[in-house]
Amino acid sequence: MSRHERRAPGRGVEWEFDRVTFPREFPRNVVTKLLVERAEHGGWELDRVRMTPDGTRRVVLRRKIIRAVRTA
């Protein structure tokens, strides 16, 4: 149902992407609740949503990858 990938579109910022597909049988309010839960607990933000002609929702979520820098 979901797939992770990593991409570095800008200098110094790395993003992790997660692609999620919701079938047409899922009502909008259910999809909204699922996405809000992922945003609040996983740190994801909405990148794009595509609705296909058959009613399937393809959602791309993203979050920043924060690298720990050794100081000493």
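Does phenylalanine 26 count as buried, partly exposed or exposed, and at what relative accessibility? In this predicted model, phenylalanine 26 has a relative accessibility of 28% and therefore counts as partly exposed. The residue belongs to an aromatic pair, one such pair being present in the structure. Its partner is phenylalanine 22, and the two rings adopt a tilted arrangement, with 6.0 Å from centre to centre and 50° between the planes. Phenylalanine 22, by contrast, has a relative accessibility of 3% and counts as buried, so that the pair brings together a buried ring and a partly exposed one.

The chain as a whole contains one helix and four strands, which follow one another along the sequence in the pattern β-β-α-β-β. Of its 72 residues, 24% count as buried, and the accessible surface comes to about 5900 Å², with 50% of that area belonging to carbon and sulfur atoms. Among the contacts with a separation of 6 or more, 46% are accounted for by residues 24 or more positions apart.

Salt bridges make up a further part of the description, and their count comes to five. One of them joins glutamate 16 to arginine 63, with 3.1 Å between the closest N and O atoms. This pair links distant parts of the chain, since glutamate 16 lies in strand S2 (residues 13-22) and arginine 63 in strand S4 (residues 57-65), 47 residues apart. The two partners fall into separate accessibility classes: glutamate 16 is buried, its relative accessible area being 13%, whereas arginine 63, with a value of 26%, is partly exposed.

A second pair of side chains, those of glutamate 45 and arginine 62, meets in a salt bridge with an N to O distance of 2.7 Å. Here too distant parts of the chain are linked, with glutamate 45 in strand S3 and arginine 62 in strand S4, 17 residues apart. Glutamate 45 has a relative accessible area of 35% and is therefore partly exposed, and arginine 62, at 25%, is likewise partly exposed. A salt bridge is also formed between the side chains of arginine 48 and aspartate 47, at 3.5 Å from N to O. Both of these residues are partly exposed, with a relative accessible area of 47% for arginine 48 and a relative accessibility of 26% for aspartate 47. Taken together, Glu45, Asp47, Arg48 and Arg62 are linked in a network of salt bridges.

The surroundings of two members of this network can be described further. The charged end of arginine 62 sits over the ring of tryptophan 15, at 4.1 Å from the ring centre. Tryptophan 15 is also touched by glutamate 45, whose contacts, when residues up to four places away in sequence are not counted, are Trp15, Val60, Leu61 and Arg62. Arginine 62 is thus both a contact of glutamate 45 and its partner in the salt bridge. With respect to leucine 35, glutamate 45 is ten residues away in sequence, and the C-alpha atoms of the two residues are 8.7 Å apart in space.

Leucine 61, one of the residues touched by glutamate 45, can also be placed relative to two residues of the helix. Alanine 39 is located in helix H1 (residues 28-42), and its C-alpha atom is 8.8 Å from that of leucine 61, the two residues being 22 positions apart in sequence. Arginine 38 lies in helix H1 as well, and its C-alpha atom is separated by 9.2 Å from that of leucine 61, at a distance of 23 residues along the chain. Alanine 39, with a relative accessible area of 35%, is partly exposed, and arginine 38 also counts as partly exposed, at 30% relative accessibility.

A nonpolar patch is found on the surface, where Leu46, Val49 and Met51 together have about 300 Å² of accessible area. Of these residues, methionine 51 lies in strand S3 (residues 45-51), the strand in which glutamate 45 is also found. Strand S3 therefore includes both a residue of the nonpolar patch, methionine 51, and a partly exposed acidic residue of the salt-bridge network, glutamate 45.

How values were computed: Residues are numbered from 1 along each chain as its sequence is written. This is a predicted model: local features need pLDDT of at least 70, side-chain atom pairs count only at pLDDT 80 or more; totals for chains, interfaces and linings use all residues. Side-chain values use heavy atoms; hydrogens and water are left out. Helices (H or I, at least four residues) and strands (E, at least two) are DSSP runs, numbered from the N terminus. Buried means under 20% relative accessible area, exposed over 50%, partly exposed in between (1.4 Å probe, protein chains only). Contact means heavy atoms within 4.5 Å. Accessible areas come from the Shrake-Rupley method with a 1.4 Å probe; for residues, only the protein chains shown count as cover. Rings of Phe, Tyr and Trp (its six-membered ring) pair if their centres lie within 6.5 Å; planes under 30 degrees apart count as stacked, over 60 as edge-to-face and the rest as tilted. A charge sits over a ring if NZ of Lys or CZ of Arg is within 6 Å of the ring centre and within 35 degrees of the ring normal. Patches are made of residues with over 30% relative accessible area and no salt bridge: like charges are joined within 9 Å, nonpolar side chains (Val, Leu, Ile, Met, Phe, Trp, Tyr) within 5 Å. A salt bridge is a side-chain nitrogen of Lys or Arg within 4 Å of a carboxyl oxygen of Asp or Glu.
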